[in-house]
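Hello,

Here is the structure you will be taking over. My notes on it follow below.

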Amino acid sequence: MSAIDDLFTRLRHQDRKALMPFVTAGDPDLAFTAAVLKELAARGASMCEVGIPYSDPIADGPVIQASYTRALDKHVKLASILETLGEVTPQLATPVVTMVSYAIIYRHGLEKYADALVAQGVAGMIVPDLPIEESPQLAKVCEARDLSLIQLITPTTPNNRALRITETSSGFIYYVSVAGITGERAKLPTELIERVSWLRENTPLPVCIGFGISRPEHVRLLAPVADGLIVGSAIVRRMEAAEKNPQATLQEIGDYVSSLAAELN
Amino acid sequence: MPTTPRADSSCSAHGPDAAGRFGVFGGRYVPETLIYALDQLAEQYEAASQDASFRAEYEELLKNYVGRPSPLYFAKRLTQHCGGAEIWLKREDLNHTGAHKINNTVGQALLTLRMGKKRVIAETGAGQHGVATATACAHFGLECVVFMGEEDIRRQAPNVFSMKLLGAEVRPVTSGSRTLRDAVNEAMREWMSCVESTHYILGSVVGPHPFPMIVRDFQSVIGRETIQQSRAQMGDLPNLVVACVGGGSNAAGMFYPFVELENVSLVGVEAGGRGNQPGDHASPLTYGQPGILHGSFSYVMQDEDGQTCDVHSMSAGLDYPGVGPEHSYWKSTGRVTYTSCTDQDAMNAFDALARFEGILPALESSHAVAEAIKLAKTRNRNERIVVCLSGRGDKDAAEIARLKGQSFG
Ligand SMILES: Cc1ncc(COP(=O)(O)O)c(C=O)c1O
């Protein structure tokens with residue numbers, strides 16, 4: 001059991017839903033990353049996703065990509081990101097997962113990366129460019145360490161493939177709401193609710209929805225049908241101001257997350 | 001046209017296996033959203049390559065639209081100048097649109113029609129693949145959007161204008177290094193949001209499976225013709241075959257039919273830029289190590305954190321930090337030798353070909369010419385070297401003037 005399994009067992013008992021904000025590590029610096037994680041946890045986040053900046057993130061839209069570029073322009077390194085996470089996780093009541101390209105994991109070594117997550121109190125990873133055909137090796141490494149390897153299912157995934165994905169995923173299923181990249185969207189597709197309901201009937205794993213969620217009304221609409229909601233670009237967009245105004249940005253992100261959390265339960 | 005059987009699950013000269021692996025290289029490291037489109041593409045391609053009418057249509061296009069076969073030309077004065085082995089040029093520069101890229105784009109445009117899609121996106125570096133894609137789309141009446149880095153738009157202005165004349169939209173890419181690698185990122189992102197209606201015509205043997213296989217197969221007409229023409233014109237196979245390697249499509253197309261002809265040595269030439277320090281060249285096979293970029297496991301220029309490095313070449317078509325997985329495989333088996341040559345060597349080769357043969361080669365192809373000149377000097381007069389002259393140099397004229405400090409126009 002990873003910390004994520006514990007979280008969802010608890011939430012399902014209480015009939016509550018998870019709110020999972022995403023932030024980029026190192027944008028504008030790691031001190032801000034540490035501060036924002038604490039702020040998120042204090043404002044109603046159930047779990048935090050930390051994006052490891054990558055030079056060529058093909059699944060990400062302009063907002064997250066720009067944030068990764070800002071972080072990399074300052075030469076943030078994986079070692080210092082992990083060190084920062086190690087300092088923060090003991091102070092958080094919420095689990096932390098990393099969103100990370102397989103390019104980075106491969107370069108560091110699968111076991112070395114997984115060991116580092118365990119050492120720093122991180123509960124798992126989402127690897128958006130590692131489809132199930134390529135994931136068995138990493139899945140084994142994660143399983144041996146009680147780390148969750150969270151797999152994604154998208155609107156273009158056929159049902160039989162979706163079922164296979166649920167069998168190889170751990171922690172929860174990340175259901176991508178739209179065929180496309182990360183980014184805020186005014187409207188979400190109507191088939192979404194049906195698909196997520198179908199998935200939840202067909203897997204014991206919690207199913208969480210991400211990509212495009214930004215407004216309180218999205219939360220109101222989707223929380224009842226999912227186990228959790230992931231909010232990325234809407235937060236990262238607010239981080240653009242953090243360089244000039246870290247305190248105000250923290251406050252603004254905190255208020256925003258509170259407003260979403262208020263819709264949740 | 002592709003006639004390769006795909007049933008074999010082991011990786012032979014006919015690879016890849018069912019998972020898209022050439023040995024350990026290749027695969028599919030892409031977001032789940034793209035898997036369905038890639039599966040569909042692999043399936044449709046498989047069916048198309050068994051379909052005689054598809055093959056006939058492709059061959060007809062190659063003959064009457066592209067202008068194939070391209071000549072195999074003996075470069076007599078260049079040979080005399082070098083004083084060693086004979087240098088022959090496989091004239092891909094004489095194809096419609098002036099490069100090998102069109103062999104792939106007409107094939108993939110045919111596949112696009114077969115899949116019932118009406119819109120095409122593509123990335124481009126030198127603009128040759130963009131022009132070749134825009135051309136094939138105009139021919140078939142497909143909508144076309146080409147992603148191109150801002151730096152390349154500057155370096156290859158004539159091609160940008162041509163694409164627009166051909167009815168394509170050119171979308172400037174302003175992220176990252178604003179070159180080919182970023183254009184691939186943007187094209188992949190765009191594809192994620194429109195996979196149902198749009199085909200992505202990737203321009204080289206890179207990216208996730210099945211692209212490296214499809215592009216290689218469509219380009220392998222280069223090597224097949226070269227084998228026939230060599231037998232007819234030289235009375236034998238060449239001793240050496242040389243091609244430049246950016247993503248590696250002209251080289252893969254040239255080498256693939258030669259792989260099992262073991263007496264023929266194969267040499268791939270990467271862009272050595274201005275030196276061997278990271279950031280000064282674009283030679284992942286020479287200086288990089290295996291890693292992941294653009295959905296494939298292959299040699300790549302990365303830093304110790306797995307971040308892709310900036311690379312440099314004066315030639316926009318070679319200015320790419322990665323390389324096709326099959327080249328990594330051929331490097332690992334030793335079947336192909338990979339080397340690199342500098343901007344300066346390539347420029348000298350450009351001048352030599354212009355003066356001795358009356359041919360302005362593309363700066364990309366000039367890298368292969370440079371290596372051939374070097375090799376010819378060390379080889380006997382009775383030996384024969386074939387160079388894949390992948391494209392013509394008109395597109396580079398303004399950039400060459402700038403590099404030489406001369407005025408253009
Ligand atoms: C004339 C020419 N040769 C070579 C290349 C490099 O690509 P590849 O290595 O895929 O053949 C390009 C790419 O734009 C090109 O235009």
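A polar contact here is a pair of N or O atoms within 3.5 Å; within protein, one must be able to donate a hydrogen and the other to accept it, and residues adjacent in sequence count only if both atoms are side-chain atoms. One such pair joins the side chain of B:Ser204 to an oxygen atom of the ligand, at 2.5 Å. A polar side-chain atom of B:Lys101 is 3.1 Å from a ligand oxygen atom, and a backbone N or O atom of B:Gly247 is 3.3 Å from one. On its own the ligand has 390 Å² of accessible area (Shrake-Rupley method, 1.4 Å probe), and the protein covers 97% of that.

This is a predicted model, in which local features need pLDDT of at least 70 and side-chain atom pairs pLDDT 80 or more, while totals for chains, interfaces and linings use all residues. Residues are numbered from 1 along each chain as its sequence is written, chains are lettered from A and ligands numbered from 1 in the order written, and side-chain values use heavy atoms, without hydrogens and water.

The ligand has 18 residues around it (a heavy atom within 4 Å), and B:Ser204, B:Gly246, B:Gly248, B:Ser249 and B:Ser390 come nearest.

Salt bridges (a side-chain nitrogen of Lys or Arg within 4 Å of a carboxyl oxygen of Asp or Glu) number 46 over all chains. One of them pairs A:Glu39 with A:Arg43 at 3.0 Å, N to O; both residues are buried, meaning under 20% relative accessible area (1.4 Å probe, protein chains only). Another links A:Lys77 to B:Asp303, with the closest N and O atoms 3.6 Å apart.

Regards

Key. Buried means under 20% relative accessible area, exposed over 50%, partly exposed in between (1.4 Å probe, protein chains only).
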